[in-house]
Amino acid sequence: MDISSPPPAPHPADSHDLIRVQGARVNNLKDIDVEIPKRRLTVFTGVSGSGKSSLVFGTIAAESQRMINETYSAFVQGFMPTLARPEVDLLDGLTTAILVDQERMGANPRSTVGTATDANAMLRILFSRLGTPQIGPPTAFSFNVPTRKASGVMSTEKGGRVEKNVVRDAVYLGGMCPRCEGMGSVSDVDLTALYDDTKSLGEGALTIPGYSMDGWYGRIFSGAGFDLDKPISRFTERELNDLLYREPTKIKVEGINLTFEGVIPKIQKSMLSKDVEAMQPHIRAFVERAVTFQPCPECAGTRLSAEARSSRIGGRNIADLCALQITDLAGWVRELREPSVAPLLKGLRHLLDSFTEIGLGYLSLDRPAGTLSGGEAQRTKMIRHLGSSLTDVTYVFDEPTIGLHPHDIERMNRLLLQLRDKGNTVLVVEHKPETIAIADHVVDLGPGAGTAGGRVCFEGTVGALRDSDTITGRHLDDRARLRDAVRAPTGALEVRGASTHNLRGVDVDIPLGMLCVVTGVAGSGKSSLIHGSVAGRDGVVVIDQGAIKGSRRSNPATYTGLLEPIRKAFAKANGVKPALFSSNSEGACPTCNGAGVIFTELGVMATVESTCEECEGRRFQASVLEYTLGGRNIAEVLAMSMGEAEAFFAGGEARTPAAHKILDRLVDVGLGYLTLGQPLTTLSGGERQRVKLATQMADKGDVYVLDEPTTGLHLADVENLLGLLDRLVDAGKSVIVIEHHQAVMAHADWIIDLGPGAGHDGGRVVFEGRPADLVAGRSTLTGEHLAAYVGA
């Protein structure tokens, strides 16, 4: 054998070890080229709004999903969302992408942790096979399926002849509680919150949002036979009953056929069937004022019918098992020995163990999906991928450490490395230095946000990133110092006997006039304490992580109320109506209806979006653009950045104090680079939360509660956030922050640490005091991690 012979040439199939992106221009990306190694863990860093999500989700993952969808038949594609090809010159080396994003689980009130993860489906099959008494198929245990009874003649047409079958009392068994319709709670409406009985309908007696008598509602009530000038207190019993409860009735108004329905059934369909968390703020405020929700007296909040609750395995029914903490449920399933359902038990055991492995063992299967935080929702979606046999897949994560205590971040890092070690490409958008540290490859985008970002500032290893002169490199080893002197409290919010969710009768005094941080491992009871016992009090303003509701027609100017004073200023300066300066109203370009673009639907193919030729994307009629304020027209004002607009409305001819005040707050929260007219749908998660923060800072509150405000913030931006929190406290406000970020803990005047564990292992206050004392004592998990962070 000749030892000097050259090694065999590599197989051509092994040469595809890079994902190549060339000329990416999605959102703010500036024609960038990047090469990402396959089967490695790549972390994408950069300030909020620098283009990380545009590159990872909007370009790589979007194209991968689009190409997979194209492999299906046109018939199947008709049921799938149509995806446009991202603006990119070349994408090479893509593999199947699995997205695990931060989007909250659907806010459908019927959705629970169990229904969202297949755990309920498995339990229903288990009870349909092993439950005693045996009551029926799996649907008999589903709280989303009602029991149906049918009698009569069923006709079937076959080959030109009709077969008739007589059906007598056929029962299709479902598990839905008939009283609450599977919701677990019944609503009781406070009539005094619906109307003011001293007024007539014409005078605006109805206090329900949207019920204005100036429009169609006035005509409908008149057409239904109500006297609009008669005070409700003088209505007869029949008239009041018709107003509140009448069944849908066909009426004719001005020659048009319409339906009149009583006020209460109408608001039950339009408002009460939705999740309270997902409502617009003014509707949510009305529902919370007018409606009380109590556990259903018939099913005791379990959502299930009496038959479904009667069937048991080992003395427990399906409702009992769904109410157990998942770690306890996993123990119960492990003790079941039943060969006839062995594959089912094995699958259920694996699923429940995955919950524990990912740090969600403290949840229960009956927990409504809409109540999960962004981080919990993301980890719930991860569960189905943990034991997957797939390899050579691209997993795409959007800040997987959101909502995680430093102790839990270590566990998450292990999971990301496990996925990589099975031969997968793992792409992670992340800000936390602990996760950046485990990367094989780092792509840093920037240097700024919005139009100042969208370029690749660095590609390479973590070590090389530290030595680079990028914003991320400079701030990677930033460590906030403990405060030298803490502020003195000006009072206290007393909480006594708090027992929401897993809290164990907690008594705690939350100091006022300070920056107070509530912390603890995920599931320890932080949100339960604050949302259950502090939110809702007078003067308390809560700014949570809930998504901003808004279409592509909404922008920061419309959401924050900034457009209102701007429109009025334009109208006053030009002597015309304010409605002309809204692209959603009279001033809209007639060709594109104020959208700025025209969409051409092509069935299963991607919808084509082209700039409107008449207004050239400016969204307004040409005549409206002739009106100016301070030398700028409305389209030019909406194209300004917040920082530029703040200076523009501060003085001179365009001086508008109301607009300047809102812009001041937007710049204050670090959004000076956003343009006024940028669609809300294009904002990153961190940007949306800060728009929300700027809006709610205007509320007349003395106590601000912020739920993880560092979500989506770059290391450099955390410093600005701390400055903002300090300014709020120095202005006489009290700030309570639910937070895991050690920089915020170190900066606090006071820390309340909950734990020691999650679920029923938590729910107690394990420390309250100054951060320096927590570090010195190292008596809790938080204390140990904070001490390591500040280098004590």
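Biologist: I'm hunting for disulfides in this fold. How many does the count come to?
Modeller: This is a predicted model, where local features need pLDDT of at least 70 and side-chain atom pairs count only at pLDDT 80 or more, while totals for chains, interfaces and linings use all residues. Residues are numbered from 1 along each chain as its sequence is written, and side-chain values use heavy atoms, with hydrogens and water left out. A disulfide here is a pair of cysteine sulfur atoms within 2.5 Å. By this rule, the number of disulfides is zero.

Biologist: Take Cys180, then. Which cysteine has the nearest sulfur?
Modeller: Cys180 is in no disulfide. The nearest cysteine sulfur is 3.7 Å away, and it belongs to Cys299.

Biologist: And for Cys615, which cysteine sulfur is nearest?
Modeller: Cys615 is in no disulfide either. Its nearest cysteine sulfur, 3.7 Å away, is that of Cys612.

Biologist: Is Cys615 buried or exposed?
Modeller: We go by relative accessible area: under 20% is buried, over 50% is exposed and in between is partly exposed (1.4 Å probe, protein chains only). Cys615 has 2% relative accessibility, so the label is buried.

Biologist: Let's move to a histidine. Which helix holds His385?
Modeller: Helices are DSSP runs of H or I with at least four residues, strands are runs of E with at least two, and both are numbered from the N terminus. His385 is buried, at 14% relative accessible area. The helix around it spans residues 374-386 and is α13.

Biologist: Which leucine does His385 contact, leaving aside neighbours within four places in sequence?
Modeller: Contact means heavy atoms within 4.5 Å. The contacts of His385 include Ile98, Val100 and Tyr395, and the leucine is Leu419.

Biologist: Now the sheets. Which strands sit at the edges of the open sheet β5-β12-β13-β3-β14-β15?
Modeller: Two strands pair if DSSP finds at least two bridges between them. This sheet has six strands with mixed pairing. An edge strand pairs on one side only, and here those are β5 (97-100) and β15 (455-460).

Biologist: Which residue in β15 stands opposite Leu445?
Modeller: Strands of a sheet pair through backbone hydrogen bonds, either parallel or antiparallel. β14 (residues 441-446) and β15 run antiparallel, joined by five bridges. Opposite Leu445 stands Val456.

Biologist: What angle does helix α14 make with β13?
Modeller: Axes are lines fitted to C-alpha atoms, for helices over the stretch in contact, and angles between N-to-C directions run from 0 to 180 degrees. Helix α14 (residues 406-421) lies across β3, β12 and β13. To β13, α14 runs at about 150°.

Biologist: There's another open sheet, β19-β22-β23-β18-β24-β25. What does its twist average?
Modeller: That sheet has six strands with mixed pairing. Its edge strands are β19 (540-543) and β25 (764-769). From one strand to the next, the twist averages 15°.

Biologist: In β25, what is the bridge partner of Asp753?
Modeller: β24 (residues 750-755) and β25 run antiparallel, with five bridges joining them. For Asp753, the partner is Phe767.

Biologist: Last one! Which helix gives the largest share of the largest nonpolar core?
Modeller: A nonpolar core is a set of buried Ala, Val, Leu, Ile, Met, Phe, Trp, Tyr and Cys residues joined through side-chain atoms within 4.5 Å. The largest one has 67 residues, with Ile566, Ile634, Phe649 and Leu676 making the most contacts inside it. Its largest share, seven residues, comes from α25.
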